[in-house]
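Colleague: I would like a close look at one part of this model, the charged side-chain pairs, and I would be glad if the answer could then be carried on to the place where the chains meet.

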Amino acid sequence: METIGSGDPADDVDRVVWDDGDRELTTAALLGLLGRLQRTATDEQLLFRECELDCAYRLAEADLESEIRASGPGRPTDLRGGVLTHVTAAHDLVGLARTEDAAKELRAAIRLCQEADGAAFNAR
Amino acid sequence: MLSAEENAYLTRVGPGSPMGELFRRFWMPALLSSEAVADGPPVRLRLLGENLLGFRDTSGRVGIIEPQCAHRLASLFFGRNEQSGLRCPYHGWKYGVDGQCVDTPNEPENSRMRERIKLRSYPTREQAGVVWVYMGPPECSPLELPQMHWVTAPAGYQHVSKWLQSTNWAQGLEGEIDSSHVSFLHSTNEKYSAGFHFPYPTLPPEVAEFRAQHKGPVDGAPVLTVKKTDYGMTYGARRHRNDEFHWRVTHWLLPTYSLIPQAMNLGTNGRCWVPIDDEHTWTFGYISRYDRPYTGEEIAVIEEGAAFPPRLTRGTYRLRDGYLIDTSLPVASADNDYLIDRDMQQRTNMTGIWGFNEQDRSVQESMGATVDRSREHLGKADMAVIAARRTLLQLARRLEAGTEPEIAGRAEAYNVAALDVATGIGTLDELLEAYAMQLGGIGG
């Protein structure tokens, strides 16, 4: 099901943009969300960002749980835990229309996501 | 997903709560007119966490008042409804529909105590077979009832029902505006049909003909357009059907009304959820025709319980704290596993449960009296639910900060219609413009 708003159908700020094919929460997805958040101006657009953050939240939680299950010596889960914390905070702040504060949380999530991706790559 | 704090803010409706205060700014259905008989038994109620009593006096006026006698707090449910008032059987104190004490027969003859005694009462209006109540500050009282078609249509053009749901109000509303569950919860044995099994014994002939004319491959991946409006939200679900689009335009109107099109735009139907307390809700169901009154046969079909209302029986219900309310109770409930038939579930439909609302309540009530939204995992299909919650939270916060909900005073903004149409028009805004006359005023 595609969900769009009543604004410009060609502008992705006026629709829910999320690739359900992603199995993990990716830095690219968070960067895209941040870009749309920075252009979000209306109440309706805020609702779409909140929906996208719900999608990000559930992937972040799944990523953390996967790490916990797979964790062993030298495989810290605090990075994924941090991503989840910041994504959750961003979600709640968008709900309060505090877009700048939400963007700060998303940037923090992006940094940790990049670190976690690097750590996972090095662990292979 | 909502944090635990936001979930509590959303769901708590008792006196003094922010969401309860928001609900109080609107006229709300409280009783069916048929529940209050002139000089008949009073009706025990609870609304927004307040225990109340409804009764109709000799002249037909309905009062909603505090349920206990001011003298020694005996329940006025046991009072005698007589000669324009309700008389407590304990010592004879009598009250009018406005709560004013009009007689204190056990007091000395020259006593004027009764002039100083007035039970809490709330203003009522009666229209469309419903007794409405306003529980907010008098200075904020909206002048008119919400001007939805089922409210303003001539008597007989609508059918209204009422029943108990054993959950917080928000679960009922969210189930209503969540369109994606229809293809599953209400589906037949055809695998995840985007159509649904409408278990009426016979469809109205014009509906059966319409469906036969518009058969075709069903698009299971609709495009949902969400449009925030001043009265709440309009959402259009667009599906491909043959070489055109099939649109269903539905509305959510503050605080908890839905308006859903009937096939062939014969009229609209919907539900609203009136909070009893944090864990119980009255669902009011309404259906109205644009062209004529319902026949007796049609009403009998509606009241069979296959859709809305469910199968009902009249009785009393003991709330968690022991207070009794008088209400219509669903026959299929958690107490009997909604009369689930596992053989039916294997052979006929997804649930093995017979009626539409029975199917809805089976899942909504299974989530718990107040679902823990902090444990949810929402996706794109939950957009309408996310939007409704957020809108209500914002309005409650603004009211707490001193800004009254302007929509509560704009009864005319509720004069919108739902739409079910096949057309080549591809966007919701163009559709709304093309059907503006049919749809009434679509707010911006």
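Which residue forms a salt bridge with Arg80(B), and how far apart are the closest N and O atoms?

Modeller: The model is a predicted one, and the partner you ask for is Glu82(B), whose salt bridge with Arg80(B) has its closest N and O atoms 2.7 Å apart. The two residues differ in their surroundings, for Arg80(B) is exposed because its relative accessible area is 57%, where exposed begins over 50%, whereas Glu82(B), with a relative accessible area of 11%, is buried.

This pair belongs to a set of 43 salt bridges over all chains, and two others in chain B are worth setting beside it. In one of them the side chains of Arg373(B) and Glu174(B) meet, with an N to O distance of 3.1 Å. That pair links distant parts of the chain, since Arg373(B) lies in the loop between α9 and α10 of chain B, while Glu174(B) sits in helix α4 (residues 169–177) of chain B, 199 residues apart. Arg373(B) counts as buried at 0% relative accessibility, and Glu174(B) is buried as well, with a relative accessible area of 9%. In the other, the side chains of Glu365(B) and Arg361(B) form a salt bridge at 4.0 Å, N to O; because these residues are four apart in helix α9 of chain B, about one helical turn separates them, and both of them are buried.

A buried polar side chain of another kind is found at His246(B), which has its place in strand β15 (residues 244–253) of chain B and counts as buried at 12% relative accessibility. The side chain of His246(B) is joined to that of Asp420(B) by a polar contact of 3.0 Å, and, leaving aside residues up to four places away in sequence, His246(B) also touches others, including Arg238(B), Arg239(B) and Val421(B).

Turning to the place where the chains meet, 27 residues of chain B are in contact with 25 residues of chain A, and the area buried between the two chains is about 2500 Å², of which carbon and sulfur atoms give 60%. The count of salt bridges between chain B and chain A is two, and one salt bridge is formed by the side chains of Asp20(A) and Lys380(B), 3.1 Å from N to O. Polar contacts between the chains come to 10 residue pairs, both residues being at pLDDT 80 or more. On the side of chain B that touches chain A, β13 (223–229) and α10 (383–400) each supply at least two residues, and α10(B) gives the most, with seven. The residues on that side of chain B divide into 10 nonpolar, eight polar and nine charged.

Charged residues from both chains also take part in a network of salt bridges that links Glu50(A), Glu6(B), Arg390(B) and Arg397(B). Backbone pairing joins the chains too: strand β1 (residues 2–4) of chain A and β13(B) pair in the parallel sense over three bridges, and Thr3(A) has Leu224(B) as its bridge partner in β13(B).

Terms used
Residues numbered from 1 in each chain as written. Chains lettered and ligands numbered in written order. Predicted model: local features only at pLDDT ≥ 70, side-chain atom pairs only at ≥ 80, totals over all residues. Heavy atoms only, no water. Contact = heavy atoms within 4.5 Å. Buried area = accessible area lost by both parts, 1.4 Å probe. Polar contact = N/O pair within 3.5 Å; in protein donor to acceptor, adjacent residues only side chain to side chain. Nonpolar A, V, L, I, M, F, W, Y, C, P; charged D, E, K, R; others polar. Pairing = 2+ DSSP bridges. Buried < 20%, exposed > 50% of the residue type's maximum accessible area, 1.4 Å probe, protein only.
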